[in-house]
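I opened this entry to keep track of what I looked up, one topic at a time. The ligand, the cores and the odd backbone angles are on my list.

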Amino acid sequence: MSNIINDIKLDYKDVLIRPRRSTLRSRAEVDLFVEMKFRTSQRIYKGIPIMASNMDSTGTFKMAKALSKHGLFTAINKYYSLEEWKTFAASSPECLNNVAVCAGIGPGNFERLSDIINAIPELSTIAITIANGHIQPFVEFVRNVRSAYPNHTIMAGSVATPEMVEELILSGADIVKVGIGGGSVCTTRLKTGVGYPQLSAVLECAHAAHGVGGHIIADGGCTCVGDLAKAFGAGADFVMIGGMLAGHDQCGGKVVERDGKRYSQFYGLSSSAAMEKHYGEVAEYRAAEGRAVEIPHKGDVEATILDILGGLRSTCTYVGANRLQELHRQTTFIRCTQQLNPIFGPPPSK
Ligand code: 5GP
């Protein structure tokens, strides 16, 4: 038996989207709002299916307020208390359709999740997120949450293979989070050698999910708006971003000032910085699989949101998609050896 896959697996940077004849007159005609019905919760979602990651600094209530205004979604980090959730729900009820309450699978997670869900009946979406969703206790946790909450929409991940996507959907998840090792502050590939090139993971997992009536989130690895477009083109129903939203006013995390310039701290969920902050230490049996970076502070996230939405509208006009939901059908990828012109060095991060 061969234990090597010889097919080439691709990342976003390895492809471009082929332009097609289009009858659209202007990008303003493109509708980015999508509508989908979830397999098990039977709920109908309407919104722009871009999601802030459940990381400490991006999955904040402030981010949810800014994103929800435009119809975008936020996976709220699991470190907010019940009291903080109640305050948020009371002050921003209009955001509750566009947020998920997140939980891991460790001790106390189920109880905290139940407390929040029971206290806030308008909250309809649960995200169960751990770094490695390929383990059996994770599947069992998803099953337990599903049997306790038959009518809530459940997101679960992260995984990177079609068989795990099917297993999680058949275990009660409506939406599976796909992506291992591609995140901007993730060091899993470095520390463990494990990963899956993200474009191929999305192509394969979207196909598997849709085959059983489920949906997926392409999580991690987007470095620019074009990468979000490629994820949607590959069949992602939602795209989750962390690094692209980092460093804004709405983020959690420290802002430091040096030589008159402001910098924001951004760190991975499994970085030493995160583990020391939340658990007081990095447990002896595990290595950190994330890193911390300092990035120039970017101000209000509003401009970044508009930039992302403008870029996606433009992608749709290049391929003749009237709606974001049609982008997948209109997309043909071209493998490329170079996607950017390097003459003036790497492109700016914003
Ligand atoms: P980004 O958009 O920054 O490229 O990727 C965000 C995703 O990276 C997150 O949603 C999460 O799935 C993943 N991620 C965040 N922090 C860590 C970490 O410390 N370790 C690993 N392995 N993945 C992380």
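**Helix α8**

I began with α8, where the buried residues are V225, D227, L228, A229, K230, A231, F232 and G233. I am working from a predicted model throughout. The helix spans residues 225–233, and eight of its nine residues are buried. I noted that charged side chains are on that list too: D227 and K230 are among the buried residues. Just after α8 I found G235 with a positive phi of about 115°.

**Nonpolar cores**

Next I looked up the cores. The largest nonpolar core has 99 residues. Which residues have the most contacts inside it? They are I50 and W85.

I followed I50 outward, skipping residues up to four places away in sequence. I50 touches L72, F73, L228, F232, V239, I241, I308, L309 and L312. Two of these contacts, L228 and F232, I had already listed among the buried residues of α8.
Apart from the largest core lies another, of five residues. Its members include M55, V185, A246 and I295. In soluble globular proteins, nonpolar side chains tend to be buried together.

**Ligand shell**

I then turned to the ligand. How many residues surround it? I have 20, and the closest are S184, T188, D219, S270 and E289. The shell divides into five nonpolar, 12 polar and three charged residues.

I wrote down three short polar distances.

- A polar side-chain atom of T188 lies 2.7 Å from a nitrogen atom of the ligand.
- A polar backbone atom of L269 is 2.8 Å from a nitrogen atom of the ligand.
- A polar backbone atom of S270 is 2.7 Å from an oxygen atom of the ligand.

How much of the ligand does the protein bury? Taken alone, the ligand exposes 520 Å², and the protein buries 93% of that.

**Helices α3 and α4**

I checked V145, which sits in helix α4, residues 136–148. Is V145 buried or exposed? V145 counts as buried because its relative accessibility is 0%. Beyond its neighbours within four places in sequence, V145 is in contact with F110, L113, I126, I128 and I154. I also took one long distance: the C-alpha atoms of V145 and R286 are separated by 27 Å, with the two residues 141 apart along the chain.

L113 led me to helix α3, residues 109–119. Its buried residues are N109, R112, L113, S114, I116 and I117. What covers them? The cover includes α2 (82–91), β6 (99–103), β7 (125–129) and α4.

**The loop between β2 and β3**

I looked at two residues here, S41 and Q42. The loop runs between β2 (34–37) and β3 (44–47). S41 is buried, because its relative accessible area of 7% is under the 20% cut-off. Its side chain joins that of T153 in a polar contact of 2.9 Å. Leaving aside neighbours within four places in sequence, S41 is in contact with R146, P150, N151, H152, T153 and D174.

Q42 has phi near 65°, a positive value in a residue other than glycine. At 45% relative accessibility, Q42 counts as partly exposed.

**Strand β8 and the loop after it**

I checked for unusual peptide bonds. The bond from G157 to S158 is cis, with omega near 15°. S158 lies in strand β8. T161 lies in the loop between β8 (153–159) and α5 (162–170). Is T161 buried or exposed? T161 is buried, because its relative accessible area of 19% falls under the 20% cut-off. Not counting residues up to four places away in sequence, T161 touches H134 and C205.

**D259**

Last, I looked up D259, in the loop between β12 (255–258) and β13 (261–267). Its phi is positive, about 50°, although D259 is not a glycine. D259 is exposed, with a relative accessible area of 80%. I logged the backbone entries for a reason: most residues other than glycine have a negative phi, and most peptide bonds are trans.

Definitions and conventions:
Residues are numbered from 1 along each chain as its sequence is written. This is a predicted model: local features need pLDDT of at least 70, side-chain atom pairs count only at pLDDT 80 or more; totals for chains, interfaces and linings use all residues. Side-chain values use heavy atoms; hydrogens and water are left out. A residue is near a molecule or strand if one of its heavy atoms lies within 4 Å of it. A polar contact is a pair of N or O atoms within 3.5 Å; within protein, one must be able to donate a hydrogen and the other to accept it, and residues adjacent in sequence count only if both atoms are side-chain atoms. Accessible areas come from the Shrake-Rupley method with a 1.4 Å probe; for residues, only the protein chains shown count as cover. A nonpolar core is a set of buried Ala, Val, Leu, Ile, Met, Phe, Trp, Tyr and Cys residues joined through side-chain atoms within 4.5 Å. Buried means under 20% relative accessible area, exposed over 50%, partly exposed in between (1.4 Å probe, protein chains only). Contact means heavy atoms within 4.5 Å. Helices (H or I, at least four residues) and strands (E, at least two) are DSSP runs, numbered from the N terminus.
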